[in-house]
Amino acid sequence: MVDKILRKDLKITVIGLGYIGFPTAVLFASKGFKVFGYDKNREIIEKLSLGELHVVEPKLEQLFKDALNKGFFRPVNEIVKSDVYIICVPTPFKTIGNEKKSDLKYVYEATLEVSKVIEKNNLVVLESTVPPGTTADIASIIENKTGLKAGKDFYISHSPERVLPGKIVEELKRNSRIIGADDEYSASLTKNLYFQIVESEIYITDTKTAELCKLAENAFRDLNIAFANELSIISNNLGIDHRELIRLANKHPRVNILNPGVGVGGHCLAVDPWFIVEKDPENAILIRTAREVNEYKTKWLSDKIDEIIKSRIQNRKVVVGILGLTYKPNVNDVRESPSIKLANYLIDKGYEVLAHDPLVKDNLVKNVKNIDLEELMKKSDAIVITVAHNVFSDIESIFQKRNGDKIYIDLTNLTVSKGIIRL
Ligand code: SAJ
């Protein structure tokens, strides 16, 4: 197999063509491997077959078109026998009572698909973010279904991605990578394979450590953002500008406070820490609390906005316009978006909420109408900046050209002028 990797004479099937699987598949194809991109969503496969992208990321379009034209990348809706199977399916959470638990149904579905076609000496790599123990579980499933033995007849590893949406192609190449495997040959095969696309260090460990490592990275960031969010609430209650506070505190050589915001969204930070809580609920006290603080921040902002509006406008229906629907700036992803949660809190309080986000397609957000900026400015009594997209960098001058009878609120770092309330 190592020879085949070096000769690029290897068939790879990537299962799940989302934000991670698709760029990963395209990157392997761009290096000359024969890559089959498998997704059970037929719409994605049809689109890709026509040369159309469903994931917007810098540098991705050209790489994809080249790989498709040269025949190195083939979108498929049935799993194809290959040497390597890379599982990149989503791992959302499900809410059971007060608890949030990982929902591994897509991982298990993908494992069953692989079990149908896997042969001796093949390699399975699980890239999806999972609770510790999952790679060992899927190895057992494949063993039970096929009679093949992991580490002897077939090889298996966990290689969690670490890329930042908005910089996926660049970071897939540049970031170092962790590979977890429970036998030496699985580890060395995976390392040889990823060495073809990764230009940085590759570190080897066991599967459980690699699984927890990925979760710990995202929980670490979630916790740090929770600290900033909590500080912003305390500052507001004490009449202190948290931007000034954080700017000054960060002058200390060993302090680096992150930016408070509308809350924490996306399919990673808002989800992964719960997978640690699930494994040790008694002891994951800080990790759970950070999640709760970040969720509370959105609710707290909705109460604050309500208070501000009620102090200025009474006895009539108020329209709130929010600028930004995505979970963070300059991406088109709305999963777990705190801006949408904020919009829903405001709707629950009786406001009509309109939104403007040029990066989001209308049909992605069902409950909040996405209209153009001019119409939003005209129809809204209060305008709230929720996401600091680059396209909003001039928003302050647009506000200034308007008469002052509207309430302007900035939940980002975009504006500086008086007259705009910053929370
Ligand atoms: N956010 C803040 N304040 C900040 C930074 C972020 O409120 O100072 C918010 C963002 O607005 C967003 C959320 O946090 O709602 C998450 O954004 P992010 O840019 O921090 O991270 P993601 O979710 O886009 O990507 C993370 C990254 N993980 C880490 O930085 C540890 C990325 O490297 C991972 O590959 C990715 O999760 C993943 O796929 O797990």
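**Figure 1. Polar contacts of the ligand with N218, R221 and G265.** In this predicted model, a polar side-chain atom of N218 is placed 2.7 Å from an oxygen atom of the ligand. R221 likewise offers a polar side-chain atom, at 2.5 Å from an oxygen atom of the ligand. For G265 the contact comes from the backbone: an N or O atom lies 2.9 Å from a ligand oxygen atom. On its own the ligand has 770 Å² of accessible area, of which the protein covers 86%.

**Figure 2. Residues surrounding the ligand.** The ligand is surrounded by 20 residues. Among these, E161, V163, K214, R221 and Y327 are the closest. R221 is also the residue whose polar side-chain atom lies 2.5 Å from a ligand oxygen atom.

**Figure 3. The largest cavity and its lining.** One cavity of 30 Å³ or more is present in the structure. The largest cavity encloses about 40 Å³ of space. Its lining is formed by P160, E161, R162, V163, E171, L172, N175, S176, R177 and V198. Classified by residue type, this lining comprises four nonpolar, two polar and four charged residues. E161 and V163, which belong to the lining, are also listed with the residues closest to the ligand.

**Figure 4. The edge-to-face pair of F64 and F73.** A pair of aromatic rings is described by the distance of the centres and the angle of the planes. Seven aromatic pairs are found when the whole structure is searched. In one of them, F64 and F73, the ring centres are 5.9 Å apart and the planes stand at 80 degrees, an edge-to-face arrangement. F64 counts as buried because its relative accessibility is 0%, and F73 counts as buried because its relative accessibility is 1%; the cut-off for burial is under 20%. Together with F22, F64 and F73 make up one aromatic cluster.

**Figure 5. The stacked pair of F399 and Y408.** The ring centres of F399 and Y408 are separated by 4.2 Å. Their planes meet at 20 degrees, so the pair is classed as stacked, the limit for this class being under 30 degrees. F399 and Y408 are both buried.

Methods:
Residues numbered from 1 in each chain as written. Predicted model: local features only at pLDDT ≥ 70, side-chain atom pairs only at ≥ 80, totals over all residues. Heavy atoms only, no water. Phe/Tyr/Trp six-rings, centres within 6.5 Å; stacked < 30°, edge-to-face > 60°. Buried < 20%, exposed > 50% of the residue type's maximum accessible area, 1.4 Å probe, protein only. 1 Å grid on protein atoms, 1.4 Å probe; cavity = no way out; pocket = protein on both sides within 12 Å on 5 of 7 lines; lining within 4 Å. Points joined across faces, edges and corners; volume = space filled by probe spheres on them. Nonpolar A, V, L, I, M, F, W, Y, C, P; charged D, E, K, R; others polar. Near = heavy atom within 4 Å. Polar contact = N/O pair within 3.5 Å; in protein donor to acceptor, adjacent residues only side chain to side chain. Areas by Shrake-Rupley, 256 points an atom, 1.4 Å probe, with all protein chains shown as cover.
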